[in-house]
Amino acid sequence: MIPVSSWGRLTALAHQTVAVNDPAGIADCLRQSALPGVAHGMGRSYGDVCLNPGGTLWMTAGLDHLIAFDDVSGRLVCEAGVLLRDIQRLAIPRGWILPVTPGTQMVTVGGAIANDVHGKNHHVLGSFGDHLISLTLLRTDGQVLHCGPGELPDWFAATVGGLGLTGVIVQAEIQLRRVAGPWLDTETMAYAGLEAFFELADASEADWEHTVSWIDCLAGGQGRGLFMRANPVDAGPRPLPRARRLTMPFVPPVSLVNRLSLRPFNLAYFHLNQWKAGRALAHYESFFYPLDNLSQWNRMYGPRGFYQYQSVVPREAGLDAVREMLAAIAQSGDGSFLAVLKTFGNRQAPGMLSFARPGVTLALDFPNHGDRTHRLFERLDAIVQAAGGRIYAAKDARMPRALFESGYPRLAEFQKYRDPGISSGLSRRLMGN
Ligand SMILES: Cc1cc2nc3c(=O)[nH]c(=O)nc-3n(C[C@H](O)[C@H](O)[C@H](O)COP(=O)(O)OP(=O)(O)OC[C@H]3O[C@@H](n4cnc5c(N)ncnc54)[C@H](O)[C@@H]3O)c2cc1C
C-alpha cells in the first residue's frame, strides 16, 4: 500500500497500486485483484474520481503504445494510456490534430474518455467522446466489449464520461481532424461586466473555433475579464517557440495563493494582459495548455492542497447564476486566481454522465481552508442547484449526493452498466458503492 494523491493534493491515502502495462495480462490482473479497483491514468483529476483509498488502483499510463495511424483518413488506434501530448506531437506535423483537448495535454486517452473531457471549442466540436470511432472495454469478469456509436451504443454511452466505473478501457480508435500546422490566429479582448462576456461569446460562436475567458472573481458580480478566441491558421513554416518548462520545486509550508496575494495578482494579470490585448499568432501548446509550462504548479497551494469548483448552468439562468456565484466568492474573500468562464454549445453529450451540456461553465480553484471553504461551496451549490446546473466530477472532491443526483438525470440508467468489481472514492461518496 502506498499513498496516492490526485491533482488537488487534498489527501494522500494508502492504495494498492498495480501497473498494467501489457494488454495481454490485464484480464488476469483485474481478476486477481483481491480488493475492488479503479483505473488511474495520470491522476490529473482534482478529486477522488481517480482514487480508491484502501483499494486497488490499476495504473494504466503504461498502456502507451500507438497501434496504427492512417494519415489519409486521420484515424488513430492507440492504447488507453497514451498521452494526448504524444498524439499531438505525432499527428500535427502530419496534418492532423486531436479535435478536442482539455487545458492540459498531460492526460491519458482513457482518462479523457472516462471524464468525456471538453476543450475551448465545445460550441463547434463537442467533447472528446464525440470523436471516438470505437473503444475496447475490459470488465473485471474477463468479458471484452468492443463498442462505439454504432456498436453496443448503450455500453459506449455509459463508458464515455462513465468515470472509469464500467470497466477498464484498453484501446480506442479516434478520428483526428485536419489541421494546417501548429499555429493559431488569436485575439484577446478585455471586457467589463458579464453582459459583455455573453455578447462576446455569442458574437464569436460562428466565426471562432476556440473561445475562453479569464475572469477576475474578486472584482465582484460585475465580472471584469479577458476574452480569448482563436482559429487554426496556416502560418507557413516558421521557427517553433523555445520550450520554457519550469517546475515548482517544493511544497511551500502555506498556500502561496491566499487573501494577501490574490488581489494584487489578479489586478496585475488583468492590466498586463489588457495592455497586450489584440491579435497575435500563437503556438497551440501555449494557447491550449498554458499551465503545462509550470510543471507541478499544484504544489503552490501548500500542504493542504486545493479544490476546483467547476459548474455548468443552463444558458437561460446563466447570467444571474454566475453573477450570484461571483458575488458570493467576492464576499467570502477567498477568491480564485484561475477563474475560467466559458459557454458550451447547444449539443447533446455522447455520454450518460458527460459533464458538458448547453450553458455556461465557471471553473475556480480555491486553497483548502477546511470549513471556511466548505461554507462557500455550500452557497455555490445552492446557486447551481437552483439554476438546474451540475458540478464536474473530474474536478470534484466534496459535492453533496443530492446535487450529483439532480445534476445527472441519467444516473439510474447508468448504474446498470457499472462493473461490480470497480469502485472509487467518488463512486462510494456519490453512489453508495
Ligand atoms: C491543468 C488542468 C487543466 C484541465 N483542463 C480541463 C479542461 O479544460 N477540460 C476538461 O474536461 N478537463 C480538464 N482537466 C481535467 C482532466 O482533463 C481530466 O481529469 C482527465 O480525465 C484526467 O485524465 P488522467 O489521464 O489524468 O486520468 P485520471 O485523472 O487518472 O482518471 C480520471 C478518470 O478516468 C478513469 N480512467 C483513467 N484511465 C482509464 C482507463 N484506461 N479505463 C477506464 N477508466 C479510466 C479513472 O478511473 C477516473 O475515473 C484539467 C486538469 C488539469 C490538471
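## Legends to the close-up views

**View A. Pairing of Ile-2 with His-15 in strand 2.** The bridge partner of Ile-2 is His-15, which belongs to strand 2. The model is predicted: local features require a pLDDT of at least 70 and side-chain atom pairs a pLDDT of 80 or more, whereas totals for chains, interfaces and linings use all residues. Residues are numbered from 1 along each chain as its sequence is written, and side-chain values use heavy atoms, with hydrogens and water left out. Strands (E, at least two residues) and helices (H or I, at least four residues) are DSSP runs, numbered from the N terminus. Two strands are said to pair if DSSP finds at least two bridges between them. Strand 1 (residues 2-4) is joined to strand 2 (residues 13-19) by three bridges in the antiparallel sense. Strand 2 also pairs with strand 4 (residues 56-59), here in the parallel sense and over four bridges. Within that pairing, Thr-17 has Leu-57 of strand 4 as its bridge partner. Strands of a sheet pair through backbone hydrogen bonds, either parallel or antiparallel.

**View B. The cysteines Cys-29 and Cys-50.** A disulfide is taken as a pair of cysteine sulfur atoms within 2.5 Å. By this rule the count of disulfides is zero. Cys-29 cannot form such a bond because the closest cysteine sulfur, in Cys-50, is 18 Å from its own, which is too far. Cys-50 is likewise in no disulfide, its nearest cysteine sulfur being that of Cys-29. Relative accessible area is classed as buried under 20%, exposed over 50% and partly exposed in between, with a 1.4 Å probe and protein chains only. Cys-29 counts as buried at 16% relative accessibility, and Cys-50 is buried at 7%.

**View C. The surroundings of Asp-71 in the loop between strands 5 and 6.** Asp-71 follows strand 5 (66-70) and precedes strand 6 (75-79), in the loop between them. Its relative accessibility is 42%, so Asp-71 counts as partly exposed. A contact is defined by heavy atoms within 4.5 Å. Residues up to four places away in sequence not being counted, Asp-71 touches Trp-96 and Arg-178. Gly-95 lies 24 residues from Asp-71 along the chain, with their C-alpha atoms separated by 7.9 Å.

**View D. His-210 in strand 13 and the second largest pocket.** His-210 is located in strand 13 (residues 210-216) and counts as buried at 5% relative accessibility. A polar contact is a pair of N or O atoms within 3.5 Å; within protein, one atom must be able to donate a hydrogen and the other to accept it, and residues adjacent in sequence count only if both atoms are side-chain atoms. The side chains of His-210 and Glu-209 are joined by such a contact, of 3.2 Å. Residues up to four places away aside, those touched by His-210 include Lys-120, His-123, Arg-229 and Phe-287.

Pockets and cavities are found on a 1 Å grid over the protein atoms alone: a cavity is a set of points where a 1.4 Å probe fits but cannot get out, a pocket is an open set with protein on both sides within 12 Å along at least five of seven lines, and lining residues have an atom within 4 Å of a point. Grid points are joined across faces, edges and corners, and a volume is the space filled by probe spheres set on the points. The volume of the second largest pocket is about 200 Å³. Of the 21 residues that line this pocket, Ile-97, Glu-209, His-210, Pro-232 and Phe-288 are the closest to its centre. Strand 11 (177-178), strand 12 (183-192) and helix 8 (284-288) are the elements that give two or more residues to the lining.

**View E. The open sheet of eight strands.** The strands run in the order 16-12-14-13-19-20-18-21, with antiparallel pairing. Strand 16 (278-283) and strand 21 (390-391) are the edge strands, each pairing on one side only. Strand 13 and strand 19 (residues 340-344) pair over two bridges in the antiparallel sense; Ser-213 has Leu-341 of strand 19 as its bridge partner. Thr-361, in strand 20 (residues 359-367), is buried at a relative accessible area of 4%. Its side chain makes a polar contact of 3.0 Å with the side chain of Gln-310.

**View F. Val-160 and the largest cavity.** Val-160 occupies the loop between helix 5 (153-159) and strand 10 (168-175). At 0% relative accessibility, Val-160 counts as buried. Beyond neighbours within four places in sequence, the contacts of Val-160 include Ile-113, Leu-132, Pro-350 and Ser-354. The structure holds two cavities of 30 Å³ or more, and the largest cavity contains about 50 Å³ of space. Among the residues lining the largest cavity are Asn-115, Gly-161, Ser-354 and Tyr-408.
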